[in-house]
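This report looks at a few parts of one protein chain, one topic at a time. Please keep the sequence and the structure in view while reading.

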Amino acid sequence: MKEAILVVSFGTTFEDTREKNITAVLNRVAAAHPGCPVYEAWTSSMILRALEKRGQHVDNVPEALEKMRADGVTDIKVLPTHLLYGDEYDKMRAFLDADADNFFSITVAAPLLACDDDLRTVLSAVAEGVETAEDEALVLMGHGTPHFCNTVYAAMDYHAKATGLKHVFVGTVEAFPDLEALMDAVRDSGYRRVVLTPLMLVAGDHANNDMASDEPDSWKTQFTEAGLPARAVIRGLGEYEKILDLYLAHLDAIL
């Protein structure tokens with residue numbers, strides 16, 4: 001029997017944030033388990049196609065499984081870096097289930113935000129890592145999804161207030177809580193300025209453009225024009241030690 005670890009991520013076209021976040025997770029896993037081979041796969045077809053046009057290749061899940069089978073791997077431990085039990089996590093599970101008969105076992109760890117303790121750990125890591133003044137609200141930008149798991153974002157905002165992080169607000173680009181709801185909540189809480197930071201593993205397109213750019217429709221611009229001057233801290237979740245530790249804890253739970 002030969003055991004190996006497969007780290008599965010959504011992916012990114014931003015090379016710098018890939019190194020700081022996705023590669024940081026891979027390196028932490030490899031350092032923690034030096035005797036166990038570590039493989040990588042991404043789930044975003046759009047991102048994989050974009051990299052292919054650049055002459056770069058990252059395995060999708062079926063390709064990674066084929067490599068592992070060829071290398072004689074019989075037992076796979078899967079660490080998803082996805083935040084939620086959402087569409088990308090479901091896509092990954094479908095690929096794994098389709099190939100399950102070719103391995104003795106495939107065991108999958110929980111995504112990053114899988115339970116109340118996970119939400120609180122991530123909140124505290126970001127709140128400790130991003131400095132704010134007394135009159136500044138810390139706004140975390142999540143991606144958002146039509147999947148029912150999107151309720152995690154609202155739950156996370158509730159946990160922030162319940163654990164004493166009253167200056168922390170959580171919203172999404174593509175779902176609810178949306179920008180308008182965030183503006184109302186920040187203003188009603190008496191904060192005069194805003195610090196924006198991504199609630200995403202990689203600080204890629206959404207963080208750099210939708211959140212932090214000077215474009216008219218960016219969160220930074222819209223908060224500022226609404227009378228809440230905003231600044232951005234562009235840092236992916238893989239750049240926080242506590243969050244890397246949490247990923248490892250999820251992996252250790254299935255090893």
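## A strand and its two partners

In this predicted model, strand β5, which covers residues 136-142, runs parallel to strand β7 (residues 193-198), and six bridges join the two. Within this pairing, the residue that stands opposite Leu-138 is Val-195 in β7. Strand β5 also pairs with strand β6 (residues 168-172), again in the parallel sense, and here the pairing extends over five bridges. In that second pairing, Gly-142 of β5 has Thr-172 of β6 opposite.

In a regular strand the side chains alternate between the two faces of the sheet. For β5 one may then ask which residues lie on one side, which lie on the other, and whether they are buried or exposed. On one side are Glu-136, Leu-138, Leu-140 and Gly-142, while Ala-137, Val-139 and Met-141 are on the other, and all of these are buried, with both faces of the strand covered. This agrees with the count for the strand, in which seven of its seven residues are buried.

## Aromatic rings

A pair of aromatic rings is described by the distance of the centres and the angle of the planes. In this model the count comes to two aromatic pairs. In one of them, the ring centres of Tyr-85 and Tyr-89 are 4.9 Å apart, and because their planes stand at 80 degrees, the pair is edge-to-face. The two tyrosines can also be described by their accessibility: Tyr-85, at 37% relative accessibility, is partly exposed, whereas Tyr-89, with a relative accessible area of 6%, is buried.

Phe-169 and Tyr-191 also form an edge-to-face pair, with 6.0 Å from centre to centre and 80 degrees between the planes. This pair links distant parts of the chain, since Phe-169 belongs to strand β6 and Tyr-191 to the loop between α7 (179-188) and β7, 22 residues apart. Phe-169 is buried, with a relative accessible area of 2%, and Tyr-191 counts as buried too, at 16% relative accessibility. The ring of Phe-169 has a further neighbour, because the charged end of Lys-161 sits over this ring at 4.1 Å from its centre.

## Cysteines

A disulfide is a covalent bond between the sulfur atoms of two cysteines. How many disulfides does a search of the whole structure find? The search finds zero. Cys-115, for example, is in no disulfide, and the nearest cysteine sulfur, which belongs to Cys-149, is 15 Å away. With a relative accessible area of 38%, Cys-115 is partly exposed.

Cys-36, by contrast, has a relative accessible area of 14% and is therefore buried, the cut-off being under 20%. Cys-36 is found in the loop between α1 and β2 (38-42). Leaving aside residues up to four places away in sequence, Cys-36 touches Glu-3, Ala-4 and Ile-5. Of these, Ala-4 is 32 residues from Cys-36 in sequence, yet the C-alpha atoms of the two are 5.5 Å apart in space.

## Helix α10 and a buried loop residue

Helix α10 takes in residues 241-252, and its twelve residues should span 16 Å at 1.5 Å a residue; the end C-alpha atoms are 16 Å apart, so the expected span and the model agree. The buried residues of this helix are Ile-243, Leu-244, Leu-246, Tyr-247, Leu-248, His-250 and Leu-251. What covers them includes the strands β1 (3-9) and β3 (75-80), together with the helices α1 (15-32) and α5 (116-129).

Tyr-247 is also one of the residues touched by Leu-83, which has its place in the loop between β3 and α4 (87-98). Is Leu-83 buried or exposed? At 12% relative accessibility, Leu-83 counts as buried. Its other contacts, not counting residues up to four places away in sequence, are Pro-111, Leu-112, Leu-113, Leu-199, Met-200, Leu-201 and Leu-237. Leu-83 and Ser-9 are 74 residues apart in sequence, and in space the distance from C-alpha to C-alpha is 9.6 Å.

## A cis peptide bond

The peptide bond that leads from Phe-176 to Pro-177 is cis, and its omega is near 0 degrees. Pro-177 lies in the loop between β6 and α7.

Definitions and conventions
Residues are numbered from 1 along each chain as its sequence is written. This is a predicted model: local features need pLDDT of at least 70, side-chain atom pairs count only at pLDDT 80 or more; totals for chains, interfaces and linings use all residues. Side-chain values use heavy atoms; hydrogens and water are left out. Buried means under 20% relative accessible area, exposed over 50%, partly exposed in between (1.4 Å probe, protein chains only). Helices (H or I, at least four residues) and strands (E, at least two) are DSSP runs, numbered from the N terminus. Two strands pair if DSSP finds at least two bridges between them. A disulfide is a pair of cysteine sulfur atoms within 2.5 Å. Rings of Phe, Tyr and Trp (its six-membered ring) pair if their centres lie within 6.5 Å; planes under 30 degrees apart count as stacked, over 60 as edge-to-face and the rest as tilted. A charge sits over a ring if NZ of Lys or CZ of Arg is within 6 Å of the ring centre and within 35 degrees of the ring normal. The expected span of a helix is 1.5 Å times one less than its number of residues. Contact means heavy atoms within 4.5 Å.
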